[in-house]
Amino acid sequence: MSRRPLVREVPPTSWYFRHPRYLRYMSREITSIFVGAYCLLLVVGLQRLASGPTAWEGFLLGLRSADSIVFHLLALAAAVYHATTWFNATQKAMPIQIGEDFVPGNVISGAHYVVWVVLSFAILFLVGVF
Amino acid sequence: MTQMKERLVQLEVLRYNPDTDTEAHFQRYEVTCYEEGVVLDALNKIKADIDPTLNFRWSCHMAVCGSCGMMINGEPKLSCHTFLREYEGVIRVEPLTHFPIERDLVTAPDDFMEKLKRVKPYIIPKEDKPISEGEYKQTPAQLMKFRQYSMCINCMLCYAACPQYGLTPEFIGPAALTMAHRYNQDSRDGGRKERQEVVATHEGVWECTFVGACSEVCPAHVDPASALQQMKITSSIDWIVEHMIPGGKK
């Protein structure tokens, strides 16, 4: 008996339109572009700072432009979305077993949110906001 | 006796005959089924009353055997576990994606079976123990460490849901890797090092990008995504111990 199974190709560039869960996944992946761009911006800022007061003032002026503010808002939204989806995923990556029972997933994710808030306040304190 | 309610069901089923077809095509069927029926019941009714040439796999009709996995309106599901009453209009039934179609709704599971074998899904004892020394004992806590992962019914829905497997067929995939984790977690087992040769590779856990679709579609609530992320962590620790700690051994 001859076998001629039909192989169906997966479209390499449009597969994520096949199901909403794939679109959700891709939207999370795309947030990394904003996070990466913001990191680059910080590196550029450091370089300007090292170049002297005039370069630094120019950099700060650039940050006040409308384009820069829109970018920062987008990057903030992307970073928050990335962080929350990551925290929600932590319960899968690091389940904690105590005796016969597992610690509820929302406790593990919740602990990450608590650490996030504490560290954020610590940084704000260090830079002199309070 | 109460009369069971019936409803007219329309199904669009993907057909492929390897002897005559070069492409698959959809065929529309209309069949009357009980309101409480499942998609598998509708397929069986079609085969019995309308078209005996329609092919599909099934066995237990109770979500245990894992044979009747198919795409139902684009979602990988067990057809014996998918109620007709949850659908409006035409129900589109296709064979599981990412697997070659053997005939109609029957797919070729060869690739999965070969990969399952590669992860050595059985207990490899830490040391040989003569029968006279008695059984291997396990506490309930030790059992709970892997019990969830042992519930896999090899239905391959996770492979149909996983875009990484679709794009990179070399990927060992969710169910097989989860089986590796299941045995790695077993207190009676000592085979983790052997399995790492398959698990801690590009085709192993590192091909997984944590889409998480495997766990969403799993009918046995096994959570392969969790197993794979845990194995990424332990594999990373292995690498750190081997490469960054003086005297660290593989």
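Which elements do the buried residues of α9(B) pack against? They pack against α3 of chain A, together with α4 (157–161), α6 (174–184), α7 (192–199) and α8 (213–217) of chain B. The model is predicted. Three topics follow: helix α9(B), the sheet of chain B, and the contact between the chains.

**Helix α9 of chain B**

- Helix α9 covers residues 224–244 of chain B.
- Its 21 residues should span 30 Å at 1.5 Å a residue, and the end C-alpha atoms are 30 Å apart, so the expected and modelled spans agree.
- The buried residues of α9(B) are B:Pro224, B:Ala225, B:Ser226, B:Ala227, B:Leu228, B:Gln229 and B:Met231.
- The packing partners of these buried residues come from both chains: α3 from chain A, and α4, α6, α7 and α8 from chain B.

**Sheet of chain B**

- Chain B holds an open sheet of five strands.
- The strand order is β2-β1-β5-β3-β4, with mixed pairing.
- At the edges are β2 (25–34) and β4 (75–78) of chain B, each paired on one side only.
- From one strand to the next, the twist averages 35 degrees.
- Strands of a sheet pair through backbone hydrogen bonds, either parallel or antiparallel.

**Strand pairs, one by one**

- β1(B) and β2(B) run antiparallel and are joined by ten bridges. Here B:Leu11 has B:Tyr29 of β2(B) as its bridge partner.
- β1(B) and β5(B) pair in the parallel sense, over three bridges. In this pairing B:Glu12 stands opposite B:Arg92 in β5(B).
- β3 (residues 69–72) and β5 (residues 91–94) of chain B are antiparallel, with two bridges between them. Across from B:Ile72 stands B:Val93 in β5(B).

**Helix across the sheet**

- Helix α1 (residues 39–50) of chain B lies across four strands of chain B: β1 (6–15), β2, β3 and β5.
- Relative to β2(B), this helix runs at about 100 degrees.

**Contact between chains A and B**

- Chain A gives 21 residues to the contact, and chain B gives 27 residues.
- On the side of chain A that touches chain B, α1 (20–51) and α3 (66–93) of chain A are the elements that give two or more residues.
- That side of chain A divides into eleven nonpolar, three polar and seven charged residues.
- Helix α3 of chain A thus appears twice: it gives two or more residues to the side touching chain B, and the buried residues of α9(B) pack against it.

Technical notes
Residues are numbered from 1 along each chain as its sequence is written. Chains are lettered from A and ligands numbered from 1 in the order in which they are written. This is a predicted model: local features need pLDDT of at least 70, side-chain atom pairs count only at pLDDT 80 or more; totals for chains, interfaces and linings use all residues. Two strands pair if DSSP finds at least two bridges between them. Axes are lines fitted to C-alpha atoms, for helices over the stretch in contact, and angles run from 0 to 180 degrees between N-to-C directions. Two residues are in contact if their C-beta atoms, placed from the backbone, lie within 7 Å. Ala, Val, Leu, Ile, Met, Phe, Trp, Tyr, Cys and Pro count as nonpolar, Asp, Glu, Lys and Arg as charged, and the others, Gly among them, as polar. The expected span of a helix is 1.5 Å times one less than its number of residues. A residue is buried if 20 or more other C-beta atoms lie within 10 Å of its own, exposed if 12 or fewer, and partly exposed in between; C-beta atoms are placed from the backbone.
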